[in-house]
Amino acid sequence: MRALAGLKLDDVPVAREVGRLSGVSGILLEATGYAFETGQHARIETASGEWMDARVVGFRNNVSYLMPFRKQAGLVAGARVIADGGERRPHIGPAWRGRIVDGLGEPIDGLGALQGEQPLDLRPPRINPMRKRSVAGVLDVGVRAINGMLTLGRGQRVGLFAGSGVGKSVLLGMITRQTEADVVVVGLIGERGREVREFIEHALGPEGLKKAIVVVAPADESPLMRLMATELCHAIAAYFRDAGSNVLLLVDSLTRYAMAQREMALALGEPPATRGYPPSVFGLLPQLVESAGNGEGEGSMSAIYTVLAEGDDEQDPVVDTARAILDGHIMLSREMAAQGHYPAIDVSRSVSRCMTLVAGEQHLEAVRELRDLLNRYTQVRDLIPLGGYVAGADSQTDRAVALHSRLAAYLQQGMHEAAPFADCIASLEALLA
């Protein structure tokens, strides 16, 4: 009674405004009768009396368009649609390490509720570019071909480009287990359900999972959930970065994120532009990538995105856009994979744009020499079995042919083999001595 003493009659709500479900068109729901805000969460009553969660993704005239988080079922015409207030924010903290969550930040590993102290914004933060710390210090990923030839820096964002079945997931697992980072955030976006468990149990393993947070949105989830899961990965990584930790973000894959946005945009009536991708896709990709990288504090956030080259087409619009907005690209070769060369990294077509900021001059000179030898060998490779190559015409080409087997061995590595950065540099310099 005391709590109601100062309450006026006008403050007591006697009714609640609701909208009504007026249509279902593919993955979109149409609601009328209430002015919903874009980005707002809403709830829709089903035939069984339960409520389905959705987000407002657009409107036209007096019709609001919503997209459900989960698979839609049991919807009826005229069902009530109510605004759900503010966005639900999970509470995050160090206890999230070792856990597996969905795009809403809810645990799916059966280990109980997540514990945390601070509410987490599900969207990645934006940082003033003038306040971002520059890339500084080597990011040791434990992969010899990358450490030695494509050295990465803390705060760098790089793409892993390849077609399907060339070894991206296995390489990501190696990087996750061996990278020197306090926290590793892994986003498995649009993958097959079978591959999710295989990655966690085999590629990641118990040791890798201890310092990792895995966000999962399989291929059978709605495009909205795949979008939210990708953004949640960046939000989680940014939280730990701003708390002073060195964070590695791995997203597999950026292409599935673009495809999810394409599904939503086309459903909303946006016209397709480049190979079926609407313009909004190419506006969202830079916004997402720019939320990664270093912030204002002492923590760092490095990011590796896999980019699926459909049909091994390097001119795919998503591939081309990702190559332009990232700080480097690592190309995986199907031809090298077919020859048993693992990891199938084609260093001659790959580049780390931040390598000159973190590598020493002696190291850079060794890399330039090794690239030259690899290119020279490529020029005469097809002539060797035909007897068309004759030694003695060019000393550097002769050296490239003589050293090729050792160079190829240097660039190969077993799945469970560790290659610390210092050892990679020492082996590189000894190889060319």
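Which residue in β5 does glutamate 30 stand opposite? In this predicted model, local features need pLDDT of at least 70 and side-chain atom pairs count only at pLDDT 80 or more, while totals for chains, interfaces and linings use all residues. Residues are numbered from 1 along each chain as its sequence is written, and side-chain values use heavy atoms, with hydrogens and water left out.

Glutamate 30 stands opposite tyrosine 65. Strands here are DSSP runs of E with at least two residues, numbered from the N terminus, and two strands pair if DSSP finds at least two bridges between them. Strand β2 (residues 28–32) is joined to β5 by 3 bridges, and the two run antiparallel.

Strand β5 covers residues 63–68, and 5 of its 6 residues are buried (under 20% relative accessible area, with a 1.4 Å probe and protein chains only). Strand β4 (residues 51–60) also runs antiparallel to β5, with 6 bridges between them; one of the bridge partners is proline 68 in β5, which is matched with alanine 54. In the hairpin of β4 and β5, 2 residues lie between the strands, and asparagine 61 takes a positive phi near 60 degrees.

A closed barrel of 6 strands, with antiparallel pairing, follows the order β1-β2-β5-β4-β3-β6.

Methods:
Buried < 20%, exposed > 50% of the residue type's maximum accessible area, 1.4 Å probe, protein only. Helix = DSSP H or I, 4+ residues; strand = E, 2+ residues; numbered from the N terminus.
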